[in-house]
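Work through the exercises below with the sequence and the 3D view at hand. Try each task before reading its solution.

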Amino acid sequence: MKLESITLHRVAMPLVRPFETSFARQTTRVLLLVHVRTSEAEGWAECVAMEGPLYSSEYVEGAEHVIRSYLAPALLKATDVTAETVGPLTAFVVGHRMAKAALEAAVLDAQLRASGVSFGGYLGAVTDWVDCGVSVGISPDLDTLLDEVSGYVDEGYRRIKLKIKPGWDLIPVYAVRELIGPDMLLQVDANTAYSAADIAHLGRLDPFNLVLIEQPFVEEDIATHVALARAIETPVCLDESIVSVGVALDAIERGATSVINIKPGRVGGYLESVRIHDLCVAHEVPVWCGGMLETGVGRAANVALAALPGFILPGDTSASSRYFAEDLVEEPFVLGTGEHAGQLAVPTGPGTGVTVREDLVRDWALVAPVTLR
Ligand code: OSB
Ligand code: MG
């Protein structure tokens, strides 16, 4: 296909409740949407970079800048662009995986719409419904946390993930385990807030029968994750550290991670996500689909990815209502009922299968859109 234009939309969407992690407290999701026009069809994608460089070094205005200055010019001057060639055409830029992933996903959406294939069909989905978990932020107090968790349990979510940090770990985990009972899936995510000196302390989570502990130490520090995995029973799962299939292989072989959280933006796109998935299946490492407070645009593609066979744990693929009162797409994601309680249906239409509400993109714009040709 010939890529004719790339339009960048920076929007701000209010969250239904503040979301607090060990690194930030957010009340609004500021995000970048990428809209491509090609010789065949149009495509939309969401860049997962956050407003500030707090989860990773990427952030919304940085992603916009690298797209405008480096990535878009390289794609716009190419005579043939497909999702499969976006990676090679942009490989000269070091890092900036979230920005690259958004471009690849927008091109993939256009390409699949042109050929009438869904994201799930293209990526290799094997189920129509995926199991959903919910990521629960750090609360001002225990009562607020327990209220929030019971709400999610009532909505049908199949797994609870608690954000933890030093000073907010054993007590909330104990209280939530008491509330939800011994059998419901429960896991924790530290977003790098601990250090090697905390290994014995983190071992005190073992009695709570957690599915996993996610990314306790800084992303470059594989060795301390190996030490933790040897010292405790709770499985260790890497998020921030896993930026490519090569790092995933290294972390698996060294015993740093026995479960992997795949986030397409963090690893540079859906194609690299499938490669990591395939590697994990070959090594019998279970995977699950992470989230970055996506709107329906990114969520649709994530739900399709989560339908691949190696995604045996529920993902952070929650319903649209987890974060937003009104989603950016005409088909907001709603949890199923009956046998599909706690699940989302994998979209089946061409591309992501969702239709962007351009009226809302305009209403929530932070700046005028920028079109690159
Ligand atoms: O570490 O998984 C994370 C949100 C923003 C940045 C990092 C993370 C998260 C979440 C929420 O845990 C996942 C979601 O519900 O989208
Ligand atoms: Mg995480």
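The exercises concern a predicted model, and they go from the ligands to single residues.

**Exercise 1. The surroundings of ligand 1**

Task: Find how many residues surround ligand 1, and state how the shell divides into nonpolar, polar and charged residues.

Solution.
- Step 1. Count the residues around the ligand: 18 residues surround ligand 1.
- Step 2. Pick out the closest of them, which are Lys163, Asp189, Asn191, Leu293 and Tyr323.
- Step 3. Sort the shell by residue type: seven are nonpolar, three are polar and eight are charged.
- Step 4. Ask which domains supply the shell. Domain 1 (3-115 + 357-372) and domain 2 (121-345) both contribute residues to the shell, so ligand 1 lies between the two domains.

**Exercise 2. Polar atoms at ligand 1**

Task: For Met292, Leu293 and Tyr323, state whether a backbone or a side-chain atom approaches an oxygen atom of ligand 1, and give the distance.

Solution.
- Step 1. At Met292, a backbone N or O atom is 3.2 Å from an oxygen atom of the ligand.
- Step 2. At Leu293, a polar backbone atom is 2.9 Å from an oxygen atom of ligand 1.
- Step 3. At Tyr323, the atom belongs to the side chain: a polar atom there lies 2.6 Å from an oxygen atom of ligand 1.
- Step 4. Now consider cover. On its own, ligand 1 has 390 Å² of accessible area, and the protein covers 100% of it.

**Exercise 3. The magnesium ion**

Task: Name the protein donors of the magnesium ion (ligand 2) and describe their spacing along the chain.

Solution.
- Step 1. List the donors: Asp189 (OD), Glu214 (OE) and Asp239 (OD). They lie 2.1 to 2.3 Å from the ion.
- Step 2. Write the spacing along the chain, which is D-x24-E-x24-D.
- Step 3. Place two of the donors in the fold. Asp189 belongs to strand 7 (residues 185-189), while Asp239 sits in the loop between strand 9 (236-238) and helix 9 (245-254); the pair therefore ties together parts that are 50 residues apart in sequence.
- Step 4. Check their exposure: Asp189 and Asp239 are both buried.

**Exercise 4. Two positive phi values**

Task: Compare Asn191 with Thr192: which is buried, and which is partly exposed?

Solution.
- Step 1. Locate the residues. Asn191 is in the loop between strand 7 and helix 7 (199-203), and Thr192 also lies in the loop between strand 7 and helix 7.
- Step 2. Read the backbone angle. Phi is near 45° at Asn191 and about 70° at Thr192. Both values are positive, and neither residue is a glycine.
- Step 3. Set this against the general rule: most residues other than glycine have a negative phi.
- Step 4. Apply the cut-off of 20% for burial. Asn191 has a relative accessibility of 4%, so it counts as buried. Thr192 has 26%, so it counts as partly exposed.

**Exercise 5. A histidine in a helix**

Task: State where His277 lies, and which side chain it contacts.

Solution.
- Step 1. His277 is part of helix 11 (residues 270-282).
- Step 2. Its relative accessible area is 4%, so His277 is buried.
- Step 3. The His277 side chain makes a polar contact of 2.9 Å with the side chain of Asp278.

**Exercise 6. Separation in sequence and in space**

Task: For Arg362, Asp327 and Glu294, give the C-alpha distance to the named partner and the separation along the chain.

Solution.
- Step 1. Arg362 is in helix 13 (residues 358-363) and, at 61% relative accessibility, counts as exposed. Its C-alpha atom is 8.6 Å from that of His9, 353 residues away along the chain.
- Step 2. Asp327 is in the loop between helix 12 (296-305) and strand 12 (343-345). Its relative accessibility is 4%, so Asp327 is buried. Asp327 and Thr295 are 32 residues apart in sequence and 6.2 Å apart, C-alpha to C-alpha.
- Step 3. Glu294 is in the loop between strand 11 (287-289) and helix 12, and at 5% relative accessibility it counts as buried. From Glu294 to Leu31 the C-alpha distance is 8.8 Å, with their positions 263 residues apart in sequence.

Notes. Residues numbered from 1 in each chain as written. Chains lettered and ligands numbered in written order. Predicted model: local features only at pLDDT ≥ 70, side-chain atom pairs only at ≥ 80, totals over all residues. Heavy atoms only, no water. Near = heavy atom within 4 Å. Polar contact = N/O pair within 3.5 Å; in protein donor to acceptor, adjacent residues only side chain to side chain. Areas by Shrake-Rupley, 256 points an atom, 1.4 Å probe, with all protein chains shown as cover. Nonpolar A, V, L, I, M, F, W, Y, C, P; charged D, E, K, R; others polar. Domains from an automatic or database assignment. Donors = N, O, S within 2.8 Å, 3.2 Å for Na, K, Ca; no water. Helix = DSSP H or I, 4+ residues; strand = E, 2+ residues; numbered from the N terminus. Buried < 20%, exposed > 50% of the residue type's maximum accessible area, 1.4 Å probe, protein only.
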